[in-house]
Amino acid sequence: MKLSFRWYGKDDKITLQHIRQIPGMDSIVTAVYDVPVGEVWSRESIADLKKMTEDAGLKFDVIESVPVHEDIKLGKPSREKYIENYCENIRRLGEAGVKCICYNFMPVFDWTRTQLDHVLPDGSTSLVYYQEQVDKVDPLKSDSDLTLPGWDASYTRDELASVVAEYNAMTEDDLWDNIMYFLEKVIPVAAECDINMAIHEDDPCWSIFGLPRIITDEKNLDRFLSLVDDPHNGLTFCVGSLGCSNKNDIVSMAAKYAKMGRIHFVHMRNVAVLDNGFEERAHLSSCGSIDMYAVMKALHDNGFTGYVRPDHGRMIWGETGRPGYGLFDRALGATYLNGLWEAIEKGSKE
Ligand SMILES: [Mn+2]
C-alpha cells in the first residue's frame, strides 16, 4: 500500500510539512478548489499544487475529487460540455503525473451526517448519522429552516428543492444509464492517460430523501465494474461508507475487488453501526464495528498495491477545524494503518 493523506490546499490549516512528518507518508490527496464544479482546471493551478507537494517531499499522485456536474448525473443535454471538460481535466492531470482520480456519483448530496461534533465518551468529537433526524428534514420544503451539515451552500433552498425534485422524477435505472454514458466517454481517456478512475461509494450507502443512489453494495459494485470492463474503471473502497450498513461484508468485498485489481484507492475509517444509523469512531478495530485488521489483510493477501488514506478522524486534544479532517486523529489513524500493514506483511513471510 502507499500511504496518503487528504490536504485541502493552501488554505488548509494543516500544512504539507505537518503531513510529511507522519511516518511512512507517500502521497498527498488533494484537488483544485477554486474552480466551479464542471469547469476545466487551469494548468497553472495543477502545476502549483504539484510543485508545493513535491517541494514538501511528497507525491502528487491522487486527486480527490474531480467532481461530476449534476447535469451529467441528470442526463441533461448540457452533459456533453461537462463530460468534455471532465476528459480535459483527466488529460491535464495525466500530464502532471497524477495516477488516480477519486469521484462520486451521488445525486445532490455528497456525504450526509446529522451532527459533526457529537461528543464520544472519551471527550473527543465525531461525525454521526441518526436516521430519525434525517427523517425530520425535507429538502423539497424550501421554506423549512431544517438543514443538515454538509449541504452544498452554493444552492439556495429554492434551488435545492428544484434539483431534488428533478432527481425524484428519476429511477435508479435512469441513473445507471447516465453513469454508463459518462463511463463510456471518460474511461477510454483515463486509459490513454494511464489514470485509474476510482469511484467513491455513496455515503451512507442507502437512499436518502427518496433520491436514487446506486453505488451502495456488492451487487451494484459488480454491475458498476461490468459497465466498462477496464481496469481503469475502479473503486475508491471506502470502508466507512460501505461499512455503515451491516449488509455489506466489507472483508470479503475488499478481498474480491482487490483480487480483480479494481481497488485503486482505499479510505480506512471505523464506524459503530447502530440500529438508527452510525457514529464515526477512532480507527482501532475495537472502537467500532469494523475489523480493520481483516480489511487490511484482505487487501494485502489479494495483491493490493494502491493508495490508502486514513479517513475522517475525530477531533481530539483540543484541535479545531474542518470536521473529520483534523491532523491529530488522522495521524494516529495513519500510524495504526502502518502498524497493521507491517505486521501483516511480516506475518505473511513467516
Ligand atoms: Mn470515504
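Student: In what order do the eight strands close into a barrel, and is the pairing parallel or antiparallel?

Tutor: To read a barrel, follow each strand to its partner until you come back round. In this predicted model, the order is E1-E2-E3-E4-E7-E8-E9-E12, and the pairing is parallel. From one strand to the next, the twist averages 30°.

Student: Which helix packs on the sheet, and which strands does it touch?

Tutor: That's helix H2, residues 43–55, touching strand E2 (27–30) and strand E3 (59–64). The direction of H2 makes about 130° with that of E3.

Student: Can we zoom in on one strand pair? How many bridges join E8 to E9?

Tutor: Four bridges do the job, with E8 covering residues 233–238 and E9 covering residues 263–268. Look for threonine 236: phenylalanine 265 in E9 stands opposite.

Student: Okay, stepping back: how many helices and strands does the chain have?

Tutor: The count is 12 helices and 12 strands. For overall compactness, compare the radius of gyration with the globule rule. Here the radius is 19 Å, close to the 20 Å the rule gives for 350 residues, so the chain is as compact as a globular protein of that length.

Student: And what share of the residues counts as buried?

Tutor: Of the 350 residues, 43% do.

Student: Now a single residue: is aspartate 158 buried or exposed?

Tutor: Count the C-beta neighbours; 12 or fewer within 10 Å means exposed. Aspartate 158 has 10 inside 10 Å, so it counts as exposed. You'll find aspartate 158 in helix H6, residues 157–168. Its C-alpha atom is 8.2 Å from that of leucine 140, 18 residues apart along the chain.

How values were computed: Residues numbered from 1 in each chain as written. Predicted model: local features only at pLDDT ≥ 70, side-chain atom pairs only at ≥ 80, totals over all residues. Helix = DSSP H or I, 4+ residues; strand = E, 2+ residues; numbered from the N terminus. Rg over C-alpha atoms; globule rule 2.2 N^0.38 Å. Buried ≥ 20, exposed ≤ 12 C-beta atoms within 10 Å, placed from the backbone. Pairing = 2+ DSSP bridges. Axes fitted to C-alpha atoms, helices over the stretch in contact; angles between N-to-C directions. Contact = placed C-beta atoms within 7 Å.
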